[in-house]
Amino acid sequence: MTKLSVNINKIATLRNARGGNIPNVVKAAKDIEEFGAQGITVHPRPDERHITYQDVRDLQPVVKTEFNIEGNPVTKFIDLVIQNQPTQVTLVPDAVDAITSNAGWDTVKNKEFLTEVISEFKSKGIRTSIFVDPNPEMIKNAIHTGADRIELYTEDFASEYEKGNHDAIKPYIACAEIANDLGLGINAGHDLSLQNIEFFKKNIPGLLEVSIGHALIAESLYEGLETVIHKYLKLLQ
């Protein structure tokens, strides 16, 4: 079964829109785990416009499943990850002003930097994953950074699938096969939803984990968190 890690950034966005502590991010994480999700993902950004650095500190002792912290490994982020010792850190090359993640790493140009950062995290026993486009060259070079896993950036797939283009899965299959051959674990995320997750999961060999936030929270507005999480878990079996 592919694990479901729920990204709770949007819950923090709703809280921050009003101020105060409603909805409560820590309670939401506890509930999401109780409903069956196998992980909690957060993506703190430098401006803390949704998940704050303090949220990460508050969640660390609470999350009982896998805790995944995503972000651009600037110094402040690196320090936060090391201090809070998550199960996994996912490195994402976000620009400071990015609304959401919009590209994967160039693992050739950034090999030296990524190798250095990953070495630091792995020395602390933290599993590392690199956010990458479905580009065979980027997958082949990811192994040279010391990463444990890759996270396939799935926006292109989701966009094309919605238009009825099922061939959009082909680059992802090819990259997954390369990753499997190299011994890299495979995660995936971005715009995955109840509409496309079953097709994606069935076609990607060795898919270990998906990180889903925006769609899952939006779907939960209509059906409730518990119901939606149960639907994802069934489709990911």
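**Figure 1. Aromatic rings around Phe 157 in the predicted model.** A residue counts as buried when its relative accessible area is under 20%. By that cut-off Phe 157 and Tyr 161 are both buried, and this close-up of a predicted model is centred on their rings. The two residues belong to helix 7, residues 155–162, where they stand four residues apart, about one turn of the helix. A pair of aromatic rings is described by the distance of the centres and the angle of the planes. For Phe 157 and Tyr 161 the centres are 5.4 Å apart and the planes make an angle of 40 degrees, which gives a tilted pair. Phe 157 also pairs with Tyr 172, here in an edge-to-face arrangement with 6.2 Å centre to centre and 70 degrees between the planes. Because Phe 157 lies in helix 7 and Tyr 172 in helix 8 (residues 170–182), this second pair ties together parts that are 15 residues apart in sequence. The relative accessibility of Phe 157 is 0%, so this residue counts as buried, and Tyr 172, at 1%, counts as buried as well. Phe 157, Tyr 161 and Tyr 172 join Phe 199 and Phe 200 in one aromatic cluster, and the count of aromatic pairs in the model comes to eight.

**Figure 2. The barrel and the pairing of strand 1 with strand 8.** Eight strands close into a barrel in the order 1-2-3-4-5-6-7-8, with parallel pairing, and from one strand to the next the twist averages 25 degrees. Strand 1, residues 3–7, and strand 8, residues 207–212, pair in the parallel sense over four bridges. Within this pairing, Lys 3 has Glu 209 of strand 8 as its bridge partner. The view also takes in Glu 66, which is found in strand 3, residues 66–71. The C-alpha atoms of Glu 66 and Leu 4 are 9.8 Å apart in space, although the two residues are separated by 62 residues in sequence. Glu 66 has a relative accessibility of 18% and therefore counts as buried.

**Figure 3. Strand 5 between its two neighbours.** Six of the six residues of strand 5, residues 127–132, are buried, so this strand is largely enclosed by the rest of the structure. In a regular strand the side chains alternate between the two faces of the sheet. In strand 5, Arg 127, Ser 129 and Phe 131 point one way while Thr 128, Ile 130 and Val 132 point the other way, and all of them are buried. Strand 4 pairs with strand 5 in the parallel sense over four bridges, and Leu 91 stands opposite Ile 130 of strand 5. Strand 5 likewise pairs with strand 6, residues 149–153, in the parallel sense over four bridges, and here the bridge partner of Phe 131 is Glu 151 in strand 6.

**Figure 4. The second largest pocket and its lining.** The second largest pocket holds about 280 Å³ of space. Helix 1, helix 2 and helix 10 (214–223) are the elements that each give two or more residues to its lining, and helix 10 supplies the largest share, five residues. The lining is made up of 14 residues, of which Lys 10, Ile 11, Leu 14, Ile 217 and Leu 221 lie nearest the centre of the pocket. By residue class, the lining divides into eight nonpolar, four polar and two charged residues.

**Figure 5. Backbone geometry in three loops.** Ile 22 and Pro 23 are joined by a cis peptide bond with an omega of about -5 degrees, and Pro 23 is placed in the loop between helix 1 (9–18) and helix 2 (25–34). Glu 48, which is not a glycine, nevertheless has a positive phi of about 55 degrees, and this residue lies in the loop between strand 2 (39–42) and helix 3 (53–59). The relative accessibility of Glu 48 is 28%, so Glu 48 counts as partly exposed. Gln 85, again a residue other than glycine, has a positive phi near 45 degrees and is found in the loop between helix 4 (75–84) and strand 4 (88–91). At 38% relative accessibility, Gln 85 also counts as partly exposed.

Definitions and conventions:
Residues numbered from 1 in each chain as written. Predicted model: local features only at pLDDT ≥ 70, side-chain atom pairs only at ≥ 80, totals over all residues. Heavy atoms only, no water. Buried < 20%, exposed > 50% of the residue type's maximum accessible area, 1.4 Å probe, protein only. 1 Å grid on protein atoms, 1.4 Å probe; cavity = no way out; pocket = protein on both sides within 12 Å on 5 of 7 lines; lining within 4 Å. Points joined across faces, edges and corners; volume = space filled by probe spheres on them. Nonpolar A, V, L, I, M, F, W, Y, C, P; charged D, E, K, R; others polar. Pairing = 2+ DSSP bridges. Axes fitted to C-alpha atoms, helices over the stretch in contact; angles between N-to-C directions. Phe/Tyr/Trp six-rings, centres within 6.5 Å; stacked < 30°, edge-to-face > 60°.
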